Amino acid sequence: MKERIGYAAWIVGVAQFFVVQGIVESAWVRPAYSWARNNISDLGNVHCGLRTWPEPRYICSPEHGLMNGSFIALGVLLVVGFVLTGGAGGAGGAGNGVLWRGGRVAVSAWMLLVSGGAGFVLIGLAPTDAHKGLHVVGAALVMGSGNVGLVLAGFGLADRVPRPLRRVTGLLGVVALLAFGLFLSGHYLGLGMGGMERVAAYPLLFWAAAFGVRGCALRAGRTRAAVAEAGAGRARAGAGPSGG
């Protein structure tokens, strides 16, 4: 049950984030919010006005409070998911054989991913135009530490996780880190500032949602199998005396 709650936390956290993002985007009147032109965190800016960093744009997000609340909820649910799916074995729960294998790589990956979740909380608590320094730290945790965690997770996930999924996990981290570097250097490759930022920030969310769905499906399958086995056992026990 604990693991299932953890996987569900990932699903709910990511789902609410994208739903709320759509709602907050729709509240922008003029100019319209753009995934290419605007940062994700522009949606959480408290004040309206022209911004010059990292690219010039006018920002006015009427529903900034809703967006910042969503950032915080996302971060909390990601961390809760990592804690509950980690189990009790090893530092940070790594090494329980369910999602993580034992060893320093798994523990490091787990800790870095948790820090990535914490970064979303910090982003929500410190909007760019109110607490720029803290906001930048939060963004670095998400797109820096979190993505390094994904790369290491490709080596730290348990053997019971199919090898293709482990490889995709590591590849997502590599792509996100490269995108983070391009974003910081101002090279957007035609995607725009906001587009490149999303390539750097969203892989962690896609990974959490995918593993959340997979984890819930596997746990549900095991529960059905256990119930069926228990029912078969009772049937055999009931048939025993009459067969004798």
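1. Which residue lies over the face of Trp 53, and at what distance from the ring centre? In this predicted model, the residue is Lys 132, at 4.3 Å from the centre of the Trp 53 ring. A second contact of this kind involves Trp 35: the charged end of Arg 198 sits over that ring, 4.5 Å from its centre.

2. Confidence should be read before the details. The average pLDDT of the protein is 89, and 85% of the residues score at least 70. Residues 87–97 are a weak stretch, where pLDDT stays under 50. The model still has 23 contacts beyond four places in sequence for residues 87–97, and these contacts carry the low pLDDT of that stretch.

3. On overall layout, the protein has six helices and two strands. Their order from the N terminus is α-β-β-α-α-α-α-α. Of the 244 residues, 44% are buried. Among contacts between residues at least 6 apart in sequence, 66% join residues at least 24 apart.

4. The largest nonpolar core has 48 residues. Helices α1, α2, α3 (104–125), α4 (132–156), α5 (163–185) and α6 each supply at least two residues of this core, and α6 gives the most, with 11 residues. Trp 10 and Trp 100 have the most contacts inside the core.

5. The neighbours of Trp 10 can be listed. Leaving aside residues up to four places away in sequence, Trp 10 touches Leu 77, Leu 78, Gly 81, Phe 82, Thr 85, Leu 99, Trp 207, Ala 208, Phe 211 and Gly 212. Among the buried residues of α2 are Leu 78, Gly 81, Phe 82 and Thr 85, each of which Trp 10 touches.

6. Helix α2 covers residues 64–86, and its 23 residues should span 33 Å at 1.5 Å a residue. The end C-alpha atoms of α2 are 33 Å apart, so the model agrees with the expected span. Other buried residues of α2 include Met 67, Asn 68, Ser 70, Phe 71, Leu 74 and Gly 75. An α-helix has 3.6 residues a turn, so residues three or four places apart point the same way.

7. A search of the whole structure finds 14 aromatic pairs. One of them joins Phe 18 and Phe 206, whose ring centres are 6.2 Å apart and whose planes are at 15°, so the pair is stacked. Because Phe 18 lies in helix α1 (residues 2–26) and Phe 206 in helix α6 (residues 192–243), this pair ties together parts that are 188 residues apart in sequence. Phe 18 is partly exposed at 26% relative accessibility, and Phe 206 is partly exposed at 46%.

8. The stacked pair belongs to an aromatic cluster formed by Phe 17, Phe 18, Trp 35, Phe 71, Phe 120, Tyr 202 and Phe 206. Trp 35, a member of this cluster, is also the residue whose ring lies under the charged end of Arg 198.

9. Is Met 193 of helix α6 buried or exposed? Its relative accessibility is 3%, so Met 193 counts as buried. Met 193 and Glu 55 are 138 residues apart in sequence but 7.5 Å apart in space, C-alpha to C-alpha. Not counting residues up to four places away in sequence, Met 193 touches Ala 36, Arg 37, Asn 38, Asn 39, Pro 54, Glu 55, Arg 57, Phe 183 and Tyr 188.

10. Val 137 is found in helix α4. With a relative accessible area of 43%, Val 137 is partly exposed. Val 137 and Ala 126 are 11 residues apart in sequence and 9.7 Å apart in space, C-alpha to C-alpha.

Definitions and conventions:
Residues are numbered from 1 along each chain as its sequence is written. This is a predicted model: local features need pLDDT of at least 70, side-chain atom pairs count only at pLDDT 80 or more; totals for chains, interfaces and linings use all residues. Side-chain values use heavy atoms; hydrogens and water are left out. pLDDT is the predictor's confidence in each residue, from 0 to 100. Contact means heavy atoms within 4.5 Å. Rings of Phe, Tyr and Trp (its six-membered ring) pair if their centres lie within 6.5 Å; planes under 30 degrees apart count as stacked, over 60 as edge-to-face and the rest as tilted. Helices (H or I, at least four residues) and strands (E, at least two) are DSSP runs, numbered from the N terminus. Buried means under 20% relative accessible area, exposed over 50%, partly exposed in between (1.4 Å probe, protein chains only). A charge sits over a ring if NZ of Lys or CZ of Arg is within 6 Å of the ring centre and within 35 degrees of the ring normal. The expected span of a helix is 1.5 Å times one less than its number of residues. A nonpolar core is a set of buried Ala, Val, Leu, Ile, Met, Phe, Trp, Tyr and Cys residues joined through side-chain atoms within 4.5 Å.
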